[in-house]
Amino acid sequence: MNALTYESPGSLDEAVKLLAAAKGNAKVLAGGTDLLVQLRMGMIKPAMIIDIKKIPELTAINEENGGYRVGASVSGAVLGEHDGMKAAWPGVVEAFELIGSTQIQGRASMGGNLCNGSPAADAVPAMIAADAVCTIAGPNGRREAKVEDIVTGPGQTSLANGEIVVDFLFPARPARSGDAYLRFIPRTEMDIAVVGAGISLTLDDAGVCTDARVALGAVAPTQLLLQDGAAALIGSKLDGAAMEKLDAAARAACRPITDKRGTIEYRIKVAGVLARRAAKIAQQRAEG
Amino acid sequence: MAKIHVTTTINGEPVEFLCEPQQTMLDVLRDELRLTGSKEGCATGDCGACSVTVGDRLVCSCLMLGAEAEGQEIETIEGMADGDTLHPLQQKFLEEAALQCGICTPGVLIAAKALLAKNPDPSESEVRYWLAGNLCRCTGYDKIIRAVMDCAADMRGA
Ligand SMILES: Cc1cc2nc3c(=O)[nH]c(=O)nc-3n(C[C@H](O)[C@H](O)[C@H](O)COP(=O)(O)OP(=O)(O)OC[C@H]3O[C@@H](n4cnc5c(N)ncnc54)[C@H](O)[C@@H]3O)c2cc1C
Ligand code: FES
Ligand code: FES
């Protein structure tokens with residue numbers, strides 16, 4: 001086994017340099033709630049661990065043009081106490097807060113939830129529904145990417161060697177907007193999603209949906225953004241027919257597996273149900 | 001292998017230690033510092049027996065590296081009593097028999113203390129959700145929940 005080293009750089013430049021120089025043999029450490037379990041179980045054998053929590057940008061939450069820029073390593077406990085994010089993006093905050101226990105919340109980050117690449121990661125469908133954009137720092141400078149473009153398969157991401165997710169920008173909300181995330185698990189706490197559904201929408205003064213984003217988790221190798229799901233809602237008042245269309249779009253998009261938490265058939269059915277329920281909650285929140 | 005030199009604060013006292021890069025905070029507490037109150041039930045973040053607070057945040061010390069303690073303020077079960085005077089939660093757990101084998105108890109107490117610091121008047125379901133990451137194989141939880149609720153009421157009255 002290689003001797004492991006631990007680094008905790010205070011700047012992004014330093015972190016990127018260390019990560020790039022390690023050529024795939026280093027792992028970024030945020031909350032460690034995925035990474036340290038994998039290290040302990042021998043699933044990964046990095047030569048270097050780069051703790052990114054000493055980098056100020058990664059743990060900051062700042063208002064920006066009416067939206068919020070949330071550092072990739074901000075913990076669930078910290079985000080859950082942020083009044084601005086709770087008011088603007090309650091669905092994102094509730095999705096992130098569903099992760100693990102109070103103890104896990106003390107450390108778990110959205111950057112880690114995303115970059116770990118689990119199809120069942122709870123914060124990710126809500127971030128996708130929110131149309132969040134991440135800033136990525138790498139050896140060639142900075143770039144931006146949509147959250148839905150990061151995960152490419154179980155445990156796989158589109159990040160290049162040396163790249164670190166810096167933060168997520170949650171855009172300003174038009175009036176009468178709301179979002180929601182629901183997951184189904186066999187227990188009421190501390191389990192992995194059988195299905196997760198995140199929805200964000202905007203209504204006009206008459207209650208007609210003018211914009212929507214629908215995302216599902218745990219029903220395919222990556223999270224899914226459903227164009228058909230959004231189309232089912234836009235132009236409707238979320239009446240029965242629109243809900244039927246949304247349910248059908250959710251079911252049609254699923255490509256799940258059978259495991260101990262649920263069969264393929266069950267996951268498909270639950271995806272439709274959760275999408276409808278999440279849409280109704282988002283609608284209520286949009287109506288204020 | 002080069003050991004890492006860490007300077008930190010544990011239960012209000014400045015502490016220095018050497019650790020291996022992969023050594024968890026739990027292993028440092030138990031094996032290097034001989035603070036064996038924090039327990040290892042699972043080492044995967046599921047049981048909460050290793051709970052400590054880091055800068056007032058409740059965390060699993062089994063999912064934290066010892067090296068990450070640098071510059072932090074850490075509280076463990078050893079810091080809960082004030083000399084021979086038990087913390088009200090500890091006292092209440094004894095009076096109401098909220099423990100049997102006691103393996104989960106340090107973690108439960110640390111977690112409950114963090115809850116009452118944030119929310120002095122929690123509902124029963126708030127207590128249950130807050131402690132959902134603290135597994136107990138003995139008590140069936142009811143006595144734990146009741147002791148936390150009763151202690152919270154006493155502390156509010158005091
Ligand atoms: C008991 C327990 C319960 C859990 N319950 C849930 C749950 O209910 N729902 C759920 O979705 N997850 C759950 N998880 C998994 C985990 O807690 C989450 O995925 C968490 O969000 C990971 O964040 P982290 O900061 O701890 O990531 P880390 O473990 O630090 O990192 C995870 C991965 O992402 C990489 N990474 C981290 N940050 C960045 C970055 N900024 N840029 C590039 N790469 C990065 C790391 O190198 C690593 O590969 C649970 C875990 C445990 C132990
Ligand atoms: S030993 Fe840390 S959670 Fe079980
Ligand atoms: S008292 Fe034995 S595990 Fe809780």
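A residue counts as near a molecule if one of its heavy atoms lies within 4 Å of that molecule. Keep that cut-off handy for the exercises below, and remember that the model is predicted.

**Exercise 1. Place ligand 1.**
Work out which chains ligand 1 lies between, and which residues are closest to ligand 1.

*Solution.* Start with the chains: ligand 1 sits between chains A and B. Next, take the shell, which has 36 residues. The closest of them are Val28(A), Thr33(A), Asp34(A), Ser109(A) and Asp122(A).

**Exercise 2. Sort the shell.**
Split the shell around ligand 1 by residue class, then find the element that supplies the largest share.

*Solution.* By class, you get 18 nonpolar, 11 polar and seven charged residues. Now go by element. In chain A, β2 (26–29), α7 (110–115) and β10 (164–170) each give at least two residues to the shell. The largest share belongs to α7(A), with four residues.

**Exercise 3. Track the oxygen atoms.**
Find polar atoms of Val28(A), Gly32(A) and Asp34(A) that pair up with oxygen atoms of ligand 1, and say whether each is in the backbone or the side chain.

*Solution.* Try the backbone to begin with. A polar backbone atom of Val28(A) is 2.6 Å from a ligand 1 oxygen, and one of Gly32(A) is 2.8 Å from a ligand 1 oxygen. Then turn to side chains: Asp34(A) brings a polar side-chain atom to 2.6 Å from an oxygen of ligand 1. To round this off, check the cover: ligand 1 taken alone exposes 990 Å², and the protein buries 92% of that.

**Exercise 4. Explore the second largest pocket.**
Describe the space in the second largest pocket and its lining.

*Solution.* The volume comes to about 950 Å³. Lining it are 34 residues, with Glu97(A), Thr102(A), Gln105(A), Lys118(B) and Trp130(B) nearest the centre. Chain A gives two or more residues from each of α3 (76–79), α5 (90–97) and α6 (102–105), and chain B does so from β4 (57–60), α3 (105–118) and α4 (124–130). The largest share, six residues, is from α3(B). By class, the lining has 11 nonpolar, 12 polar and 11 charged residues.

**Exercise 5. Lay out chain A.**
Give the domain bounds of chain A and the spacing between the centres of domains 1 and 3.

*Solution.* The bounds are 5–51 for domain 1, 60–170 for domain 2 and 177–287 for domain 3. The C-alpha centres of domains 1 and 3 of chain A are 35 Å apart.

How values were computed:
Residues are numbered from 1 along each chain as its sequence is written. Chains are lettered from A and ligands numbered from 1 in the order in which they are written. This is a predicted model: local features need pLDDT of at least 70, side-chain atom pairs count only at pLDDT 80 or more; totals for chains, interfaces and linings use all residues. Side-chain values use heavy atoms; hydrogens and water are left out. Domain bounds come from an automatic or database domain assignment. A polar contact is a pair of N or O atoms within 3.5 Å; within protein, one must be able to donate a hydrogen and the other to accept it, and residues adjacent in sequence count only if both atoms are side-chain atoms. Accessible areas come from the Shrake-Rupley method with a 1.4 Å probe; for residues, only the protein chains shown count as cover. Ala, Val, Leu, Ile, Met, Phe, Trp, Tyr, Cys and Pro count as nonpolar, Asp, Glu, Lys and Arg as charged, and the others, Gly among them, as polar. On a 1 Å grid over the protein atoms alone, a cavity is a set of points where a 1.4 Å probe fits but cannot get out, and a pocket is an open set with protein on both sides within 12 Å along at least five of seven lines; lining residues have an atom within 4 Å of a point. Grid points are joined across faces, edges and corners, and a volume is the space filled by probe spheres set on the points.
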